[in-house]
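User: Please take a close look at one part of this model for me. I want the helix pair that packs on the sheet, and then whatever surrounds that pair.

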Amino acid sequence: QLQEANQKLRRANEEITKLYEKTRELDNLKSQFFSSVSHELRTPLALILGPTERLLQAPETPDAARRDLDVVARNARALLGHVNNLLDIAKLEAGRMRLDYATTDLSRLVRFVASHFEVLSEEKRIHLHVEAPDALLAELDPEKVQRILMNLVSNAFKFTPAGGRVRVTLRGTPERVLFEVADSGPGIPPDKREAVFERFRQIEEGATRRFGGTGLGLSIARELALLQLGSISISDAPEGGALFVVELPRTAPPNSVVRSAEVTAEFPTDARHVVEELRDRPRTVVSPLGTVEGALLLVVEDNPEMNRFISESLSDQYRIAVAFDGREGLEKAKELRRDLILTDI
């Protein structure tokens with residue numbers, strides 16, 4: 001009996017080993033897929049953005065065309081941002097993400113990141129407060145730290161209502177640097193705080209989801225912190241919402257190559273799409289009354305640019321009424337003698 005039990009145990013172990021190897025193989029294939037697709041998408045996106053930006057800068061471009069080109073450029077940049085996130089995930093999973101240490105003034109970096117959100121702060125009437133010393137030098141990867149902060153601050157703005165507050169704080173000790181990003185939004189329940197760092201995970205899902213995104217921003221932020229031997233934690237903010245705390249070593253690991261401060265005088269950024277996705281677009285309402293004799297279509301779409309695109313595409317053949325959320329759509333569906341409702345539910 002003992003011999004039979006040992007044989008069963010050996011077979012079970014062999015089966016587990018095979019399943020583990022298969023899982024690793026599938027993981028590698030997934031990473032290769034993300035990497036390949038991301039690389040293949042970046043080239044056509046660059047070829048979309050380049051000519052579009054050139055046409056936008058040309059003085060002879062008509063205003064109507066300029067408006068359409070601006071939509072193309074803005075959404076292409078957003079797509080490129082998502083593609084870059086997928087590529088970063090593939091690099092992180094494969095262990096190919098490299099650190100480029102430099103002596104960096106983190107106070108200046110924090111203010112640089114915050115400056116990207118000043119227009120958004122005014123538009124949404126959200127008070128943005130930055131607390132940082134005059135200067136704080138550390139040996140870190142400035143591009144990776146910038147990515148971490150951009151993701152955390154954009155997340156704070158996403159969930160903070162108009163009239164609320166977002167705070168970014170930087171402190172340092174001889175051994176560590178500490179960043180805090182706090183907001184006055186709804187906060188994150190304790191049982192969800194680990195889940196927000198999972199890849200592709202959205203706390204709000206389905207029809208109740210209020211915000212877009214791929215669910216990669218916070219995951220990448222934590223991976224980049226861990227890569228620099230740091231951490232990110234979540235707790236309750238004094239402002240009433242969520243408090244993200246990033247801790248990083250102030251000095252690079254022994255034997256690391258550290259560039260001088262002069263090299264990092266300017267910080268790189270491809271962050272326009274991060275802020276653009278959070279901005280409220282003007283809602284163009286197409287009147288159902290007009291010269292066009294046709295069926296009345298009710299377009300219910302929460303993305304203002306998609307709403308306008310659908311409405312304008314159909315307005316030469318039909319009368320159009322629009323709504324920007326489900327409640328408004330339901331009210332107009334009851335109120336109007338509409339012939340057809342178009343919605344993405």
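Analyst: The crossing of α5 and α6 is left-handed. This is a predicted model. The axes of α5 (residues 142-159) and α6 (residues 217-227) come within 9 Å. They cross at roughly 145 degrees.

Both helices bring named residues to the contact. From α5 come K144, R147, I148, N151, L152 and N155. They meet G217, L218, I220, A221, L224 and A225 of α6. By class, the α5–α6 contact holds seven nonpolar, three polar and two charged residues.

Next, the sheet under the helices. Five strands make an open sheet, in the order β2-β4-β5-β7-β6. The pairing is mixed. β2 (127-131) and β6 (231-236) are the edge strands, each with a single partner, so one side of each has no neighbour in the sheet. On average, neighbouring strands are turned by 15 degrees against each other, direction ignored.

Take the pairs in sheet order. β2 and β4 run parallel and are joined by five bridges. In that pair, V130 has V168 of β4 as its bridge partner. β4 and β5 pair in the antiparallel sense, over seven bridges. A hairpin of three residues joins β4 to β5. G172 stands opposite V177 in β5. β5 (residues 176-183) also runs antiparallel to β7 (residues 242-249), and seven bridges join β5 to β7. Here L178 stands opposite E247 of β7.

Now put the helices back on the strands. α5 lies across β2, β4 (165-172), β5, β6 and β7. Its direction is about 20 degrees from that of β5. α6 also packs on the sheet, where it touches β6 and β7. The direction of α6 makes about 130 degrees with that of β6.

α5 has a further role in the picture: it helps to line a cavity. A probe the size of a water molecule, rolled over the atoms, shows where empty space is left. A search of the whole structure finds one cavity of 30 Å³ or more. About 30 Å³ of space lies in the largest cavity. The lining consists of V110, V113, A114, L149, V153 and V168. Two elements, α3 (106-115) and α5, give two or more residues each. α3 gives the most, with three residues. By class, the lining has six nonpolar residues, no polar and no charged. V168 appears twice in this account: it lines the cavity, and it is the bridge partner of V130.

One more space belongs in the survey, with a lining from other helices. The second largest pocket has a volume of about 280 Å³. α2 (63-94) and α8 (304-314) each supply at least two residues of its lining. The largest share, six residues, comes from α8. Among the lining residues are D68, V71, V72 and N75. Others include E301, N303, E305, M306, R308 and F309. E312 and S313 line this pocket too. By class, the pocket lining divides into four nonpolar, three polar and five charged residues. For the cavity lining, the split is six nonpolar, no polar and no charged.

To put the part you asked about together: α5 and α6 cross left-handed. α5 lies across β2, β4, β5, β6 and β7, while α6 touches β6 and β7. α5 and α3 each give two or more residues to the lining of the largest cavity.

Note on methods: Residues numbered from 1 in each chain as written. Predicted model: local features only at pLDDT ≥ 70, side-chain atom pairs only at ≥ 80, totals over all residues. Heavy atoms only, no water. 1 Å grid on protein atoms, 1.4 Å probe; cavity = no way out; pocket = protein on both sides within 12 Å on 5 of 7 lines; lining within 4 Å. Points joined across faces, edges and corners; volume = space filled by probe spheres on them. Helix = DSSP H or I, 4+ residues; strand = E, 2+ residues; numbered from the N terminus. Nonpolar A, V, L, I, M, F, W, Y, C, P; charged D, E, K, R; others polar. Axes fitted to C-alpha atoms, helices over the stretch in contact; angles between N-to-C directions. Left-handed = near helix turned anticlockwise from the far one by under 90°. Contact = heavy atoms within 4.5 Å. Pairing = 2+ DSSP bridges.
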